[in-house]
Number of protein chains: 2
Amino acid sequence: MAKQSAPPFKRAAAKSPTLQSEGTRSERIQAKSTTRRQKQKAALRRAILTAAEELFVEHGYENFSLRQVAEAIGYSPTTIYLHFSDKDELLFHVAVEGFKNFGEALQAGYDSETDPVARLTAIGRAYFEFGLAHPVHYRLMFMQRGEFFLRPAPDDCEAPIDSFTILIRTLEEGIAAGKIKPGDVADYANLVWMTIHGIVSLAISMPYFADKTYAENTYTHYSEMLKRYLCI
Amino acid sequence: MAKQSAPPFKRAAAKSPTLQSEGTRSERIQAKSTTRRQKQKAALRRAILTAAEELFVEHGYENFSLRQVAEAIGYSPTTIYLHFSDKDELLFHVAVEGFKNFGEALQAGYDSETDPVARLTAIGRAYFEFGLAHPVHYRLMFMQRGEFFLRPAPDDCEAPIDSFTILIRTLEEGIAAGKIKPGDVADYANLVWMTIHGIVSLAISMPYFADKTYAENTYTHYSEMLKRYLCI
DNA sequence: TTGACAAGTTAACACTGTTAAGTATAATAG
DNA sequence: CTATTATACTTAACAGTGTTAACTTGTCAA
């Protein structure tokens, strides 16, 4: 009678009295099962993302397809839709990864120096070299899908460093240190960003300007021109 | 017997002794017929081109399709292939039209002034305003299909003015006039072109920079910065 | 054991560029 | 005047795309 009054799961708990996590065995199994399946789900999601990243870089924006991704990970194309709402969201994740690396590169440039003007130079260099080193990502981020830049990062990604803020901060520091002419930092930042983008984007997408030494040459001129305009 | 010895076409010629173009009547009919059909063919080709132009601007690079063009002119999609080898060639013609207008705009800027520095400013303005006014063409020409810039113009199009040469000439004039610092004009030209492209391209394709007054502001700064760097 | 839910697949739709084959019509040759 | 040939164009099809709906299968809970 006592046995009957005792709920069945208590019996199961009595069967394994070793020190374990809370709950009955079946509860523990259930918990582990769900976490296992969550892990599997997350793993598949990551597999999709890494395959997408790879294939995107390999084939470029125009020739990147969901069916390729599906084939690469050994799943049917529609499986991707269980993890991403559409191709756009998947591309956005690739872009966010790019923004993350881009922001880190700029931050590293900032951190590599202490003087504001030196920092500005370093940031510019980092920008320039990121573009030339990762043209497919760069094109996606700033040429093909520029609207991604404003879209907030998805929940499953850490928000990338705000690259633009790094530039603004550097300019502010320069003005505060009396090394950059006082002025609207937003204007300055726009000027810097847009002009350097011109050099990078043409260098990576127009054969006419594709020669690396040309780009390097132009960047040297540009750097000097900018310094003369901004610095006191 | 004389009649028999005379070739039949001579008889036809005798039938219409009025002053006309060379040959027999049948020859004349034939000639007119072929020219008429050539005209029809050329008309259809032009119809394809204008429809393509229109639909391209309307729908943009990504959503422009041959089937749309076919529907617009009331022909089957495959008819286009009788006049253009593929979609790419059609797009190229659209781009060439863009290059033509672009070159003319720059040339007009050049012609509007006599002083080399004023010419440089005018050319820059023309560049800037062309980009903002024709973003879809600009993107095609300098962002999406940059390789078109180097491809020689097709036979049925007059070659567009070489925009880059206008810039180079202006810089050379400036140096010759002692108003621009001596230096490698190719380097100067690259610097000017690439930086101004940055402003234009971001203004027309990144919402972050899309604000017109922002672009105008940045361009003002840019213009001043360039003048200080290049001019004596 | 049944029923619900999850994961994944298949089939299909509406597109795309592009090619091959077929069909009228007009021009030409005998 | 008829037979043939070339021209202009279309239809059908292929291989590919993103995307949706319906279906199957396996796992878990009651």
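# Exercises on a predicted two-chain model with DNA

A rotation of 180 degrees, with 0.0 Å of shift along its axis, places chain B on chain A at an RMSD of 0.0 Å. This is the relation of a two-fold axis. The model is a predicted one.

## Exercise 1. The axis and the interface

Task: Determine which residue of chain B comes closest to the rotation axis, and describe the side of chain B that touches chain A.

Solution.

1. The C-alpha atom of Gly198(B) lies 1.6 Å from the rotation axis, the closest approach among the residues of chain B.
2. Contacts between the chains involve 30 residues of chain B and 30 residues of chain A.
3. On chain B, the elements that each give two or more residues to this side are helix H7 (135-144), helix H9 (185-205) and helix H10 (212-230).
4. H9(B) has the largest share, with twelve residues.
5. Sorted by class, this side of chain B has 17 nonpolar, ten polar and three charged residues.
6. Of the interface residues of chain B, 100% are also interface residues in chain A, so the copies meet through the same surface.

## Exercise 2. The fold of chain A

Task: State how many helices and strands chain A has, and what share of its residues counts as buried.

Solution.

1. Chain A has ten helices and zero strands.
2. Read from the N terminus, its elements therefore run α-α-α-α-α-α-α-α-α-α.
3. Chain A has 232 residues, and 33% of them count as buried.
4. Among contacts in chain A with a separation of 6 or more, 60% join residues 24 or more positions apart.

## Exercise 3. The nonpolar core

Task: Find which residues have the most contacts inside the largest nonpolar core, and list what Ile199(B) touches.

Solution.

1. The largest nonpolar core has 110 residues, and Ile199(A) and Ile199(B) have the most contacts inside it.
2. Leave out residues up to four places away in sequence; Ile199(B) then touches Met194(A), Thr195(A) and Gly198(A) in chain A.
3. In chain B, Ile199(B) touches Phe128(B), Ala215(B), Thr218(B), Tyr219(B) and Tyr222(B).
4. As a general background, nonpolar side chains tend to be buried together in soluble globular proteins.

## Exercise 4. Two helices and their packing

Task: Compare the span of H10(A) with its expected value, do the same for H6(B), and say what packs against the buried residues of H10(A).

Solution.

1. Helix H10 of chain A (residues 212-230) has 19 residues and reaches 26 Å from first to last C-alpha, close to the 27 Å expected at 1.5 Å a residue.
2. Its buried residues are Ala215(A), Thr218(A), Tyr219(A), His221(A), Tyr222(A), Leu226(A), Tyr229(A) and Leu230(A).
3. These buried residues pack against helix H6 (116-133) and H9 of chain A, and against H9 and H10 of chain B.
4. Helix H6 of chain B (residues 116-133) has 18 residues, which should span 26 Å at 1.5 Å a residue; the end C-alpha atoms are 25 Å apart, which agrees.
5. Buried residues of H6(B) include Arg119(B), Ile123(B), Tyr127(B) and Phe130(B).
6. The cover over the buried residues of H6(B) includes H5, H7, helix H8 (163-176), H9 and H10 of chain B.

## Exercise 5. Three single residues

Task: For Ala203(A), Leu167(A) and Phe64(B), decide whether each is buried or exposed, and give its surroundings.

Solution.

1. A residue is buried if 20 or more other C-beta atoms lie within 10 Å of its own.
2. Ala203(A), in helix H9 of chain A, has 24 such atoms and is buried.
3. Beyond its neighbours within four places, Ala203(A) is in contact with Leu132(A), Phe209(A), Ala210(A) and Ala215(A).
4. Leu167(A) is in helix H8 of chain A; with 24 C-beta neighbours it is buried.
5. Contacts of Leu167(A), again not counting residues up to four places away, are Ile123(A), Ala189(A), Val192(A) and Trp193(A).
6. Phe64(B) is in the loop between H3 and H4 of chain B, and its 20 C-beta neighbours make it buried.
7. With the same exclusion, Phe64(B) touches Leu55(B), Phe56(B) and His59(B).

## Exercise 6. The surface near DNA strand C

Task: Identify which residues come nearest to DNA strand C, and which helices supply at least two residues of the surface near it.

Solution.

1. There are 21 residues around DNA strand C; Ser76(A), Ser65(B), Arg67(B), Asp86(B) and Lys87(B) come nearest.
2. Helix H3 (25-59) of chain A supplies at least two residues, as do helix H3 (25-59), helix H4 (66-73) and helix H5 (87-111) of chain B.
3. By class, this surface has six nonpolar, nine polar and six charged residues.

Conventions:
Residues numbered from 1 in each chain as written. Chains lettered and ligands numbered in written order. Predicted model: local features only at pLDDT ≥ 70, side-chain atom pairs only at ≥ 80, totals over all residues. Near = placed C-beta within 6 Å. Helix = DSSP H or I, 4+ residues; strand = E, 2+ residues; numbered from the N terminus. Nonpolar A, V, L, I, M, F, W, Y, C, P; charged D, E, K, R; others polar. Contact = placed C-beta atoms within 7 Å. Least-squares fit on C-alpha atoms with pLDDT ≥ 70 in both. Buried ≥ 20, exposed ≤ 12 C-beta atoms within 10 Å, placed from the backbone. Core = buried A, V, L, I, M, F, W, Y, C linked by C-beta atoms within 7 Å. Expected span 1.5 Å × (residues − 1).
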